[in-house]
Amino acid sequence: MAVPESLSVSQARRITLSAQGFLDPRPGGATDLRHLRRVLRRLHLIQMDSVNVLQRAHYMPLYSRLGPYPTGLLERAAYRKPRELFEFWGHEASLIRADLQPLFRWRMERAHEFAWGGMRRIALEQPELVAWVLDEVRARGPITVAEIEHDAPRAKDNWGWNWSVVKQALEWLFYSGQVTAAERTTSFARRYDLPERVLPPAVLATPTPETGEAFRALVELSARALGVAAEAELRDYFRLPVQPCRQAIAELAEAGVLRPVTIPGWKTAWLHHEARLPRRAAAATLVSPFDPLIWERARTERLFGMTYRIEIYVPKPQRLYGYYVLPFLQGDRFTARVDLKAERRTGELQIPAAWREPGADPEETATALAAELRRLAGWLGLTSVGVPERGDLTGPLTSALKESPAGVP
């Protein structure tokens with residue numbers, strides 16, 4: 001369907017959900033690397049986070065778009081040859097398509113400008129330690145920070161985030177592109193190695209683009225992934241600096257890659273020239289707090305009318321909805337949000353809280369959500385779904401779970 005120059009908020013939602021891959025058909029049989037690649041071509045990167053109360057953050061966006069899939073596919077793509085993903089700072093710590101690595105070399109080269117204080121301080125004040133750490137990785141990699149720390153020379157006191165100076169040196173080397181992540185341990189620690197021993201040769205051989213070209217490419221990828229977006233959202237996707245991003249938008253608009261559209265309640269919005277406007281949306285899935293769909297919270301409120309905040313770091317008495325709350329996408333709206341925990345000792349998916357969004361039908365929402373919770377539990381290897389403990393959707397969801405077939409599919 002052709003996209004008009006003036007969009008309703010509902011149309012903007014459908015464009016976004018299409019661009020993000022929520023409306024693509026789910027695999028009818030076994031999920032394989034083709035399906036994973038399809039999602040990665042949509043998103044370009046996946047945010048990582050160490051919180052594991054339900055499932056680690058980088059596994060969830062694929063689940064939300066593909067349904068239950070073998071997580072080993074993502075492990076293979078990220079940490080086995082030929083690698084299709086690499087770890088770097090994209091939108092926070094991320095798994096990024098490996099073929100995009102040349103577009104991030106400007107960030108590596110400008111680490112003294114963009115890296116945070118601890119890393120820069122180590123590089124400036126203790127270059128001999130940084131050189132020693134790099135030599136250790138070169139000689140012994142892939143290697144964890146703990147393995148290097150054991151043999152590190154005596155250095156200045158630890159500071160900030162309780163990172164050791166070796167950890168800070170490694171993070172500097174990682175940010176500046178001198179080392180990369182070869183794999184992750186079972187405890188989620190990085191094993192560092194040299195890029196030439198990790199990244200595909202074709203990626204390493206790709207010439208470094210001129211900085212303006214890299215910014216144009218990254219903004220175009222952001223626009224493609226979002227479908228329609230304001231300037232701040234195009235910048236936020238890859239955490240780009242303001243002026244180069246603004247210049248890239250202007251150049252892409254002049255080239256016809258982006259075009260301005262009006263949306264009620266928005267300032268100037270930019271539409272990617274290949275964006276699609278579906279007639280309807282039939283999604284039904286839980287969305288991680290770290291999903292690209294809801295990264296930018298102001299955008300989430302404008303598009304979906306939902307004020308969302310992750311409350312992990314909020315003191316328990318002050319939390320409104322819960323510790324690890326996932327919105328439930330139903331059709332083209334968020335109709336509920338649930339606080340979830342995978343209790344692996346007992347094999348139960350626990351529901352500390354369940355809340356209905358304004359305007360959502362409680363029974364219809366509960367029925368769809370109950371089916372999704374059972375599907376999620378099965379994917380996580382859990383054998384049962386508990387009943388919600390609090391929230392205004394507790395009654396309908398409890399009834400829907402009781403009416404569902406026993407056990408987890």
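A salt bridge is counted here when a side-chain nitrogen of Lys or Arg lies within 4 Å of a carboxyl oxygen of Asp or Glu. In this predicted model, arginine 138 and aspartate 135 satisfy that rule, their side chains meeting at 2.7 Å from N to O. Both residues belong to helix H8 (residues 127-140), and because they are 3 residues apart there, they are separated by about one helical turn. Arginine 138 is partly exposed, with a relative accessible area of 40%, and aspartate 135 is likewise classed as partly exposed, at 41%.

By the same rule the count comes to 31 salt bridges. One of them joins arginine 13 to aspartate 332, with the closest N and O atoms 3.5 Å apart. Arginine 13 lies in helix H1 (residues 9-19), while aspartate 332 sits in the loop between strand S10 (325-331) and strand S11 (333-343), so the pair ties together parts that are 319 residues apart in sequence. Arginine 13 is buried, at a relative accessible area of 8%, and aspartate 332 is buried too, at 16%. Another pair, lysine 341 and glutamate 343, meets through its side chains at 3.8 Å, N to O; here lysine 341 is partly exposed, with a relative accessible area of 34%, whereas glutamate 343 is buried, at 10%. Elsewhere, Glu87, Lys167, Glu171, Arg184 and Arg190 are linked in a network of salt bridges.

Arginine 83 presents a contrasting case, for this residue is buried yet has no salt bridge. Its nearest side chain of opposite charge, that of glutamate 183, is 6.6 Å away, and since a salt bridge requires the nitrogen and oxygen to be within 4 Å, the two are not paired. Arginine 83 is placed in the loop between helix H4 (72-79) and strand S2 (85-90), and a polar atom of its side chain lies 3.2 Å from the backbone oxygen of alanine 78. Beyond residues up to four places away in sequence, arginine 83 touches Ala77, Ala78, Ala98, Ala181, Ala182, Val198 and Pro200.

Two of these contacts lead into H4, where Ala77 and Ala78 are among the buried residues, together with Leu73, Leu74 and Tyr79. The cover over the buried residues of H4 includes helix H2 (33-43), strand S1 (45-47), helix H3 (60-66), S2, S3 and strand S4 (180-184). H2 in turn has Leu33, His35, Leu36, Arg38, Val39, Leu40 and Leu43 buried, and its buried residues pack against S1, H3, H4, S2, S3 and H13. Histidine 44, which follows H2, has a positive phi, near 75°.

The empty spaces of the model remain to be described. The largest pocket holds about 1000 Å³ of space, and of the 31 residues lining it, those closest to its centre are Met48, Asp49, Trp89, Glu92 and Ala93. Two or more lining residues come from each of S2, strand S3 (92-97), helix H10 (165-175) and strand S5 (190-193), with H10 giving the most, 3 residues.

The structure also holds 1 cavity of 30 Å³ or more, and the largest cavity has a volume of about 50 Å³. Leu226, Glu233, Asp236, Tyr237, Pro292, Trp295, Glu296 and Arg299 line this cavity, and H13 supplies the largest share of the lining, 3 residues. Aspartate 236 lies in helix H13 (residues 231-237) and is buried, with a relative accessible area of 16%. Leaving aside neighbours within four places in sequence, aspartate 236 is in contact with His91, Trp295 and Glu296.

Key:
Residues numbered from 1 in each chain as written. Predicted model: local features only at pLDDT ≥ 70, side-chain atom pairs only at ≥ 80, totals over all residues. Heavy atoms only, no water. Helix = DSSP H or I, 4+ residues; strand = E, 2+ residues; numbered from the N terminus. Buried < 20%, exposed > 50% of the residue type's maximum accessible area, 1.4 Å probe, protein only. Lys, Arg positive; Asp, Glu negative; His and termini not counted. Polar contact = N/O pair within 3.5 Å; in protein donor to acceptor, adjacent residues only side chain to side chain. Contact = heavy atoms within 4.5 Å. 1 Å grid on protein atoms, 1.4 Å probe; cavity = no way out; pocket = protein on both sides within 12 Å on 5 of 7 lines; lining within 4 Å. Points joined across faces, edges and corners; volume = space filled by probe spheres on them.
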